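Subject: The structure we talked about, with notes

Dear colleague,

I am passing on the structure below so that you can look through it at your own pace. My notes follow it, and I suggest keeping the view open while you read them.

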Amino acid sequence: MIRSMTGFGRGEYSDGKRNVICEIRTVNHRYADISVKMPKRYSFAEEKIKALIKERVRRGKVEVSIIVENLTEGDITIRLNSPVAQQYIENLKELKERYGLTGEIDLKLVSSMPDVLKAIPDVEDEEEVTAVICESVKAAVSRLDEMRTTEGAKLAEDLLMRGELIREIVKKIEKRAPLVAEEYREKLEARIRELVEDKVDIPADRILVEAAVFADKANITEELVRLDSHMIQLKAFLTESGEGTVGKKLDFLVQEMNREANTIGSKANDLEITSLMLETKSEIEKIREQVQNIE
């Protein structure tokens, strides 16, 4: 099954105490690169989140955002920061004595100072919280997978079309290729006659030898067979069932396509075939661009 590496999924889950929202965005990347943004107090759940995502995402850059809302009173503890309060009191006393200031250093004043009283999130059951977060992640991953699968199907359809188009071009070249050597022989003979102006007999066997040498150098049969074979393999990769990734295989296959296309273009020595190969290379480049986004 072909999947795109680009997608988005959003999941939400609530257990009555907290509401968790998970958003996942993915783009193409050579490897699986997962980053998680979430409140530090829940960092204990990060590895579990990554493990869930890796079950469904094998390649791509993955950005995960976790938001936790609607905390109950049981999740907050108010604590006195005694060292900070003590420093405030001592400094206020010194300030009062040094500059002869009036006023009381009382509860209202000290308690209003920054960081004397702090609301500290209190997570008592990490397993419970992890389970809630993971439910939202599962929902987000499921929607992400749906989108990536839908996009993958579109990519596969486009690639199959381009593969068949290249096979049609290969057939045209196969018909044209045998005529190239014969045309070269005729042009060579005509050129020689033009130069000697029929004053010298032209050895037919010599012309045939030259034509044979040219035909050998310009022979592209093997390259055409391999290029067509690559198109058949492309179709196999795109239509095979299973959960494995094929993106890296397709990357390598496209490199081989380009290799054969370049060789054909350099050996053919024929304007018509060169024109057809330029068209072929254009389609291979479009395939390469699309393949970059396949998992």
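To begin with a small exercise, where is the place of Lys281? Lys281 is found in helix 8, and before you follow it any further, please keep in mind that this is a predicted model. With a relative accessibility of 33%, Lys281 counts as partly exposed, because that class covers what lies between the buried limit of 20% and the exposed limit of 50%. Leaving aside residues up to four places away in sequence, Lys281 touches Ala261 and Asn262. Its C-alpha atom is separated by 10.0 Å from that of Glu260, and these two residues are 21 residues apart along the chain.

Overall layout

The protein has 8 helices and 6 strands, and if you read along the sequence you will meet them in the pattern β-β-β-α-β-β-α-α-β-α-α-α-α-α. Of its 295 residues, 34% count as buried. Among contacts between residues at least 6 apart in sequence, 80% join residues at least 24 apart.

The strands

Strand 1, residues 7–14, pairs with strand 2, residues 19–27, in the antiparallel sense, and 8 bridges connect them. Two of the facing positions can be picked out by eye: Glu12 stands opposite Ile21 of strand 2, and Gly9 has Ile24 of strand 2 as its bridge partner. The hairpin made by strand 1 and strand 2 has 4 residues between the strands, and within this hairpin Gly16 takes a positive phi near 95°. Strand 2 is also joined to strand 4, residues 60–69, by 9 bridges, and this pair runs antiparallel. Here the bridge partner of Asn19 is Glu69 in strand 4.

An unusual backbone angle

What is the value of phi at Asp115? Phi of Asp115 is near 70°, which is positive although the residue is not a glycine. This is worth a second look, because most residues other than glycine have a negative phi. Asp115 lies in the loop between helix 3 (107–111) and strand 6 (117–121), and with 46% relative accessibility Asp115 counts as partly exposed.

The nonpolar cores

The largest nonpolar core has 31 residues, of which Ile173, Leu250, Met257 and Ile273 touch the most other members. The elements that give two or more residues to this core are helix 4 (126–196), helix 6 (221–239), helix 7 (247–268) and helix 8 (271–291), and the largest share, 8 residues, comes from helix 4. Apart from this core lies another one of 24 residues, among them Val36, Ala45, Val62 and Val137. As general background, nonpolar side chains tend to be buried together in soluble globular proteins.

Two residues make good starting points for exploring the helices. Leu250 touches Leu234, Phe237, Leu238, Val291 and Ile294, not counting residues up to four places away in sequence. His230 lies in helix 6; is His230 buried or exposed? His230 is buried, because its relative accessible area is 10% and the limit for counting as buried is under 20%. Leaving out residues up to four places away in sequence, His230 touches Leu253, Glu256, Met257 and Glu260.

The cavity

How many cavities of 30 Å³ or more does the count come to? The count comes to 1, and the largest cavity has a volume of about 30 Å³. The largest cavity is lined by Leu159, Leu160, Gly163, Glu164, Met231, Leu234, Lys235 and Leu238, and the elements that give two or more residues to this lining are helix 4 and helix 6. By character, the lining residues divide into 5 nonpolar, 1 polar and 2 charged. As you trace the lining, note that Leu234 and Leu238 belong to it and are also among the residues that Leu250 touches.

With best wishes for your reading,
A colleague

Conventions
Residues numbered from 1 in each chain as written. Heavy atoms only, no water. Pairing = 2+ DSSP bridges. Core = buried A, V, L, I, M, F, W, Y, C linked by side-chain atoms within 4.5 Å. Buried < 20%, exposed > 50% of the residue type's maximum accessible area, 1.4 Å probe, protein only. Contact = heavy atoms within 4.5 Å. 1 Å grid on protein atoms, 1.4 Å probe; cavity = no way out; pocket = protein on both sides within 12 Å on 5 of 7 lines; lining within 4 Å. Points joined across faces, edges and corners; volume = space filled by probe spheres on them. Nonpolar A, V, L, I, M, F, W, Y, C, P; charged D, E, K, R; others polar.
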